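Thank you all for coming; I would like to walk through one structure this morning, and I will keep to what can be read from its atoms. Let me put the sequence and the structure up before saying anything about them.

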Amino acid sequence: MNKFIRIFNIALILIQLGISCYLITQYDLIPIHWDISGAIDSYGSPSVSLIIPLLSLITWGMIFFVKNHPDWWNVRNEIKKSAAGISIIRQMFDCMTAWSMILMTFLMYSILRGKLFMIGLMFIFALLACIIVFFIKRINCPDKES
């Protein structure tokens, strides 16, 4: 995994944990569900906010494992970690990981604000951030062709 992507994902998980700790220490109830119009449907204990960083960590771990063990994939032919297609798949996994971490961080921000961050806007911001991360990764670590 590219060092920048790894640091980026860890930073987002730490931000989520920080928001969760802040919510636990400062609030008695937090919004945990919104309806389609963005109005709060239900409230819950602030300790519920720990689920999002935990899910982020599990998602990151699963994608990291699948990305780094192509020989465990369900394919008929033996895959070598140095194969050309694996590089593209690994970049795709990096983008998927960054995108999911960004979405979960936006969700934590929505809980902190007490108002749902617009879902469409959240997806667009997450996609743009993922594209930016991908291009920064490409600039910092171009493929070696020789």
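When I speak of a contact, I mean heavy atoms within 4.5 Å. Please also keep in mind throughout that this is a predicted model.

With that meaning of contact in hand, let me begin at Cys 130, whose place is in helix H4, residues 119–140. Leaving aside neighbours within four places in sequence, Cys 130 is in contact with Cys 95, Ala 98, Trp 99 and Ile 102. For one of these partners, Ala 98, the C-alpha atom is separated from that of Cys 130 by 6.0 Å, although the two residues are 32 residues apart along the chain. Is Cys 130 buried or exposed? Its relative accessible area is 6%, and because buried means under 20%, Cys 130 is buried.

Ser 100 belongs to the same discussion, since Ser 100 and Cys 130 are 9.3 Å apart in space, C-alpha to C-alpha, and 30 residues apart in sequence. Ser 100 is found in helix H3, which covers residues 84–113, and at 13% relative accessibility Ser 100 counts as buried.

Let me now step back to the overall layout. The secondary structure comes to four helices and two strands, and, read along the sequence, the protein follows the pattern α-β-β-α-α-α. Of the 146 residues in the protein, buried residues make up 32%. If we take the contacts with a separation of 6 or more, residues 24 or more positions apart account for 62% of them.

The next topic is the packing of two helices. In general, two packed helices are described by the angle between their axes and the distance between the axes. Here, the axes of helix H1, residues 3–26, and of H2 come within 9 Å and cross at roughly 160°. Angles over 145 degrees count as roughly antiparallel, and so H1 is roughly antiparallel to H2. The crossing of H1 and H2 is left-handed.

Which residues make this contact? On the H1 side they are Arg 6, Asn 9, Ile 10, Ile 13, Gln 16, Leu 17 and Ser 20, and on the H2 side Ile 52, Pro 53, Ser 56, Leu 57 and Trp 60. Sorted by class, the contact of H1 with H2 has seven nonpolar, four polar and one charged residues.

I would like to dwell on Gln 16, which lies in helix H1. At 0% relative accessibility, Gln 16 counts as buried. Not counting residues up to four places away in sequence, Gln 16 touches Ile 52, Pro 53 and Ser 56, and also Met 101, Met 104, Thr 105 and Met 108.

By way of contrast in accessibility, consider Met 62, which is found in helix H2. Met 62 is exposed, with a relative accessible area of 54%. The C-alpha atoms of Met 62 and Thr 97 are separated by 9.6 Å, while the two residues are 35 residues apart along the chain.

Turning to the strands, His 33 lies in strand S1, residues 30–34, and at 41% relative accessibility His 33 counts as partly exposed. Leaving aside neighbours within four places in sequence, His 33 is in contact with Ala 39, Ile 40, Asp 41 and Ser 42. His 33 and Tyr 43, which are ten residues apart in sequence, are 7.1 Å apart in space, C-alpha to C-alpha.

Finally, the aromatic rings. Taking rings as a pair if their centres lie within 6.5 Å, the count comes to two aromatic pairs. Tyr 22 and Tyr 27 form an edge-to-face pair, with 6.2 Å centre to centre and 75° between the planes. Both tyrosines are partly exposed, Tyr 22 with a relative accessible area of 39% and Tyr 27 with one of 35%.

Trp 60 and Phe 64 form a tilted pair, at 6.4 Å centre to centre and with 45° between the planes. How are Trp 60 and Phe 64 placed in helix H2? They are four residues apart in H2, residues 51–68, and are therefore separated by about one helical turn. Within this pair, Trp 60 is buried, with a relative accessible area of 17%, whereas Phe 64, at 36% relative accessibility, counts as partly exposed.

Notes. Residues are numbered from 1 along each chain as its sequence is written. This is a predicted model: local features need pLDDT of at least 70, side-chain atom pairs count only at pLDDT 80 or more; totals for chains, interfaces and linings use all residues. Side-chain values use heavy atoms; hydrogens and water are left out. Rings of Phe, Tyr and Trp (its six-membered ring) pair if their centres lie within 6.5 Å; planes under 30 degrees apart count as stacked, over 60 as edge-to-face and the rest as tilted. Buried means under 20% relative accessible area, exposed over 50%, partly exposed in between (1.4 Å probe, protein chains only). Axes are lines fitted to C-alpha atoms, for helices over the stretch in contact, and angles run from 0 to 180 degrees between N-to-C directions. Angles under 35 degrees count as roughly parallel, over 145 as roughly antiparallel, 65 to 115 as roughly perpendicular and the rest as oblique. A crossing is left-handed if the near helix is turned anticlockwise from the far one by less than a right angle, and right-handed if clockwise. Ala, Val, Leu, Ile, Met, Phe, Trp, Tyr, Cys and Pro count as nonpolar, Asp, Glu, Lys and Arg as charged, and the others, Gly among them, as polar.
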